[in-house]
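Welcome! Please take a moment with the sequence and the 3D view below, and then we will walk through some of the details together.

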Amino acid sequence: MCTGRVDLAFILRAFSNGADGVFIGGCWPGECHYVTEGNYLALSTVHLSRKLLKLAGIGPERVRLEWISASEGSRFAEVMNDFSLKVRELGPIGNGAGMSEDGLKLKLDALNAMVPYIKLVERERLRVPVKSEEAYTQFFNSDAVERLFKELIADKFEICRMMALLREKPRSTGELSQILGLSPSDISRHLNVSARQGLVKFDATRNLIAAA
Amino acid sequence: MEKEFFEGEFVKRRADIESGDVMVVGAGISGIQAALDLAETGFRVFLVEKSPAIGGKMSQLDKTFPTNDCSMCIESPKFIECARHPNIEILTYTEVDRVRGEAGDFKVTLIKKPRYVIEERCTGCTTCVEYCPVKAPDPFNQNLSLNKAIHIYFSQAVPLITYVDPDTCLYFQDEKCNICVGACKNNAIDLHQEAEEVEVEVGAIVLSPGYEIFDPGRRNDYGYGRMENVVTSLDFERLLCATGPYEGEIRRPSDLKHPHKVAWIQCVGSRRVTPGDNSYCSGVCCAYTQKQVILAKDHDADLQATVFHNDIRAFGKDFERFYQRAENLPGVRFIRSYVSVGKEIPGSKNVTIRYSTLEDGVQEEEFDLVVLSVGLNPPRHVKGMADKFGIELDPHGFCRTNPVNPIETSRPGIFVSGAFQGPIDIPESVVSASGADALCSQLLAYRRGKLDKERVYPPEKDVSEEEPRVGVFVCHCGANIGRVVDVPSVVEYASTLPNVVHAQESLFACSTDNAQQISNTILEKGLNRVVVAACTPRTHEPLFRDTLREGGINPYFYEMANIREHCSWVHSRETRDATQKAKDVVRMSVARTALLEPLQEFELPVDKRGLVIGGGIAGMTSALSLANQGFEVYLLEKDKDLGGMARRIHYTLEGLDVQGYLDDLIRKVYKHSSIHVYTDTTLLDASGYVGNFTTTVRSGMMRREIRHGITIIATGAEEYKPTEYLYGEDERVVTSVELEEAIARGDERVAQAQSLVMIQCVGCRNEDRNYCSRICCSHSVKNALKLKELNPQMDVYILFRDMRTYGLKEDYYREASEKDARFIRWDPQDKPAVEAVEEEGRPVLRVTVTDPVLGNQLALDADILALAAAIVPSADTNTISKLFKASLNPDGFFQEAHVKLRPVDFAAEGVFLCGTAHYPKHITETISQAYGAAGRAVTILTKDSVVASGAVCEVKEDDCVSCGACISVCNYGAIAFHETPRGKKATVNPVLCKGDGLCNSRCPTGAITLKHFTDDEVFSQIDAALPASQPA
């Protein structure tokens, strides 16, 4: 099993279970034991998960990937000590950012639910052509990817959370806007998209929106 | 039963004669490796060892350089492999008495010494040890601690049975005590046991008796034996070791205090011509001392370590970095000085050392503990042994070997491996063991497999309908885990976990009796899952999986919880937290086991042909050996002719006519009907896996596809083209190899030269190449001797940093020095400078260098300047590395699977390595390694099939949406679409799948799964790791 086997779902599962940080250790680029260079896939997973955490208002620095070979015991110790120190400084997940337990759960559940979709997006749009760490950093921080992320993932994430709320019970736009912390215009945009896809219906009598 | 007299004892003679194929004499790491390789090649082996258990010196070491792997941890799985191998019969406490016959048909008489314990009856329970009233120094712990008169040699001993030391047992003094006899419930103790004579027939013999350490007490000049706080380096290994006298705490003998100021003295007994000392360099002491310094600093970060040394001989692969690592630790001093041990301070019993440095002159300094870095001597009673076996010895008392084959003794059919060849380290001992296998196999190819026995396992139980029944075994690993983690509380905790029906502790879970106990418990308690909480799966998973098979359940129901590397070793100062972490780790493993599935390993047929890449000495020797063992070989060479680098080498230090040897070798290769030689050949492509490779080459104008079962990479190395010291600008500046060529062709310029200067370490041991090229010091000494032979009046200067004429080559360094070659040491901060000038009308190369003794500048006017240029990886190394998935080390040489114990294997199965492609080395070392690679390769070629892991990927077709994400990440080409009535679906070729699992993490629908590491299995561990907030 390679670092590239680390699934986005594993990382999210750990946070859902209350982990305050996730550390991934991999072989140095160019030193792949499988020659498949799966460590670059791990790098991509980590870049992506950091963007997702940021989107959810969770500190992206809670995920850390480091290259450490089997012979670098002392480096491993240094890195681990440093990471646990940093995570301690960040405080418990959610609380640190002033998030309620429910709010955090809603966000992580939405991300978890989106994993298959995110994998498709990654495959279609987020593969980095050049295998170098700088190229990955540049790519994932580029404006183009930022835009793509907003279009393809950020909106989906909000819709996901909205749908989760609506599946609980019908709610008003005001209520949705308040819980999700989004502007009414964003909510109505998401509602329009969802309605077109047949995901939501309007309960005109009570002026509430319900899951279809 | 007939009786006869042996060494003053009566001997029972066994009437029946046993037959085997090969006898291996000496069961240290070399003998063990030879036995395992021979057994895997299909020979029946007697492994004979004089001490009560197998393991040799390596079992006494704490860690091994330069990786600091735990020595016993990597060696002990091999003990069990030997014990379980159906083709190996281990005979411990046994010595060879007589050898008759000839190659192919030896009759060997063995004397089994009385252990006073009946082997078949002893269970290793150690009740007798508890009852024994006699405490006596423990030889395994270098007599630093006490053991009983009856005891087991060491905890992981194979065989794990007791023996009685008649020198200390009271019964043998005046028949006063026989309490152990009554204590043994199994009636296993027989104090009247007599020596037994056994006769066996074998076709060949491998001698691997190892070495003795130099005894510093004999010359009485280092205070050893007189001053309590002077110990040998082997004593210090035991002090460092967790199974040592103080459970891994470094304490000094006089008052058991922790020493804070420790000195090491190098070259004790080595590199001296005084009577009783050895003139050769022992080759291993520099590196083991650096290791001990690093480990001592690990034990106590404030410890002050001082190493008094002569040349630092960091000539092995990765040794230079290892030396730097030790030297750069805080509180560590390396001082180049001859020393003498002064006095013992009354009261404190500290020891003083007198030494001198250029800066401060003679000084005397006090140390808490002094470690003597003792050298390697030939085995004890070596002359008698040589007589018994009818072999010759060299002047030092090591085995006299064939100048072109260090594994052949002077007697046909008797081979030698390990340190009896001369002072060598563990990897070389292992290499020569595999080489001895190859040579035995060449000799006995006609009878291979005739006495071969198959391992028989109990039938595998179908547990698919059963609820999980997990057994947890928590290992103390001596004190390695037990000292930090509260093992009993982990056991108690484990027994409360879901599905766990049995939990217990073991002292060493990997020892033979504990492994046996695990398989017994599986049967008795009906376990269907096993967790061993111990060390790393890297070294021990195969052993425990095998143990599950012994217990009749699928080996994939095994899970290893690493509470040593991941816990006790890294949290040695936080015992409470470490115990909690160990519990967490065990909980995660137990959770995972519930989901484990039985997997089937599958057998793949083996193509019985070999491919050797590189037609130099290494490649040709391997190819010939494979062919002589009965296998067809393809030998590829990129040049038009065979020979490689050796075409430029004309003589060796030992006087071999290299070109004559090479011509003969090339002739043999071409004449052999089983070797297909392709010269002028380029590799185009390689695919496949162990047993079934397909390699495409272009040979001349022809494109060929070669199918083969194994690959040996022997692509050699090149000489660095210097950019320093006017090389390429002035034709009087040449490299060492060019100088050798010039000498060989009788170049007038060389013959007429009045003065010749050599500069060592050109292009290596620097920032660009942080390694030592190993052979250049000997190479320059060789050229110097040759020049002095041609013209004794010639001034020859060798400007060096450390002379690294390791091992027996030291004698030639001395000879060159005696013949007035001048050796001048330079410092990397103050390199020699070269300029072309005219001196009294004579054009000369003026080399200026600082004299290290006088401190002034010397100007040497040379007619020729020879640069000892680095050895660099050959140009096509990268291409071959990619084609065969053979990794490279940071310096660009090929990286073996394990530095110590798999020195010619690659991590990629079925691919082997030899020659300078691995690292620079001398011709004899290359030959040894070439036989080693051939030996290892044949362990695969003799088999009809190889077993592939069951942990491969699998597709649930219903879930596959044919997005191709999996195919795009699989570099092995193991996944492809195939047409089904419901459209294209991905499918995995399990033979090509290597189980990296990238496809699994990319699949959006969860249709493709890496077995043994499924999403659910990993989730179960994540959930178990963080149970507090587990989602409801």
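## Where the two chains meet

Between chain A and chain B, 16 residue pairs are in polar contact, with both residues at pLDDT 80 or more. On the side of chain A that touches chain B, the elements that give two or more residues are helix 1 (8-16), helix 2 (38-55) and helix 4 (101-125) of chain A. Please keep in mind that this is a predicted model.

How many residues of each chain are in contact? On one side there are 27 residues of chain A, and they are in contact with 29 residues of chain B. The size of an interface is often given as the accessible area lost when the parts come together. For chain A and chain B, the buried area is about 2600 Å², and carbon and sulfur atoms give 58% of that area.

## Charged pairs across the interface

Side chains of opposite charge can pair when their charged atoms come close. Three salt bridges are found across the interface of chain A and chain B. If you would like one to look for, try A:R5 and B:D1015, whose side chains meet in a salt bridge with an N to O distance of 2.8 Å.

## A glycine touching both chains

B:G964 is a good stop on the tour. It sits in the loop between strand 51 (953-955) and helix 24 (965-969) of chain B. Is B:G964 buried or exposed? B:G964 counts as buried because its relative accessibility is 9%, and the cut-off for buried is under 20%.

Which residues does B:G964 contact, leaving aside its neighbours within four places in sequence? They are A:R123 and B:F977. To get a sense of distance within chain B, you can also compare B:G964 with B:Q266: the two are 698 residues apart along the chain, and their C-alpha atoms are separated by 62 Å.

## Salt bridges within the chains

Over all chains, the count comes to 86 salt bridges. One of them joins the side chains of A:D109 and A:K105, at 2.7 Å from N to O. Both residues lie in helix 4 of chain A, four residues apart, which is about one turn of the helix. A:D109 is partly exposed, at 34% relative accessibility, and A:K105 is partly exposed too, at 48%.

In chain B, B:D607 forms a salt bridge with B:R609, and their closest N and O atoms are 2.9 Å apart. Here B:D607 is buried, with a relative accessible area of 16%, whereas B:R609 counts as partly exposed at 25%.

## A buried pair in a network

Now look at B:R804 and B:D802, whose side chains meet in a salt bridge with an N to O distance of 3.9 Å. B:R804 is buried, at 1% relative accessibility, and B:D802 is buried as well, at 5%. These two residues belong to one network, joined by salt bridges that share partners. The other members are B:R271, B:D311, B:R313, B:E320, B:R336, B:R765 and B:E810.

## A nonpolar patch on the surface

For a change from charged residues, find B:L358, B:V853 and B:L854, which make a nonpolar surface patch of about 350 Å². B:V853 is placed in the loop between strand 45 (842-850) and strand 46 (857-862) of chain B. With a relative accessibility of 64%, B:V853 counts as exposed.

## Backbone details in the loops

Most residues other than glycine have a negative phi, and most peptide bonds are trans. Where can you look for exceptions? B:F65 and B:P66 are joined by a cis peptide bond with omega at about -10 degrees, and B:P66 lies in the loop between strand 5 (63-64) and strand 6 (69-70) of chain B. The peptide bond from B:V158 to B:P159 is also cis, with omega near 0 degrees. B:P159 is in the loop between strand 12 (150-152) and strand 13 (162-164) of chain B.

As for positive phi, B:N143 has a value of about 60 degrees although it is not a glycine. You will find B:N143 in the loop between strand 10 (135-137) and strand 11 (146-148) of chain B. B:H381 has a positive phi near 50 degrees and lies in the loop between strand 25 (376-377) and helix 9 (382-389) of chain B. B:H381 is exposed, with a relative accessible area of 67%.

Methods
Residues are numbered from 1 along each chain as its sequence is written. Chains are lettered from A and ligands numbered from 1 in the order in which they are written. This is a predicted model: local features need pLDDT of at least 70, side-chain atom pairs count only at pLDDT 80 or more; totals for chains, interfaces and linings use all residues. Side-chain values use heavy atoms; hydrogens and water are left out. Patches are made of residues with over 30% relative accessible area and no salt bridge: like charges are joined within 9 Å, nonpolar side chains (Val, Leu, Ile, Met, Phe, Trp, Tyr) within 5 Å. Accessible areas come from the Shrake-Rupley method with a 1.4 Å probe; for residues, only the protein chains shown count as cover. A salt bridge is a side-chain nitrogen of Lys or Arg within 4 Å of a carboxyl oxygen of Asp or Glu. Buried means under 20% relative accessible area, exposed over 50%, partly exposed in between (1.4 Å probe, protein chains only). Contact means heavy atoms within 4.5 Å. Buried area is the accessible area (1.4 Å probe) that two parts lose on being put together, summed over both. A polar contact is a pair of N or O atoms within 3.5 Å; within protein, one must be able to donate a hydrogen and the other to accept it, and residues adjacent in sequence count only if both atoms are side-chain atoms.
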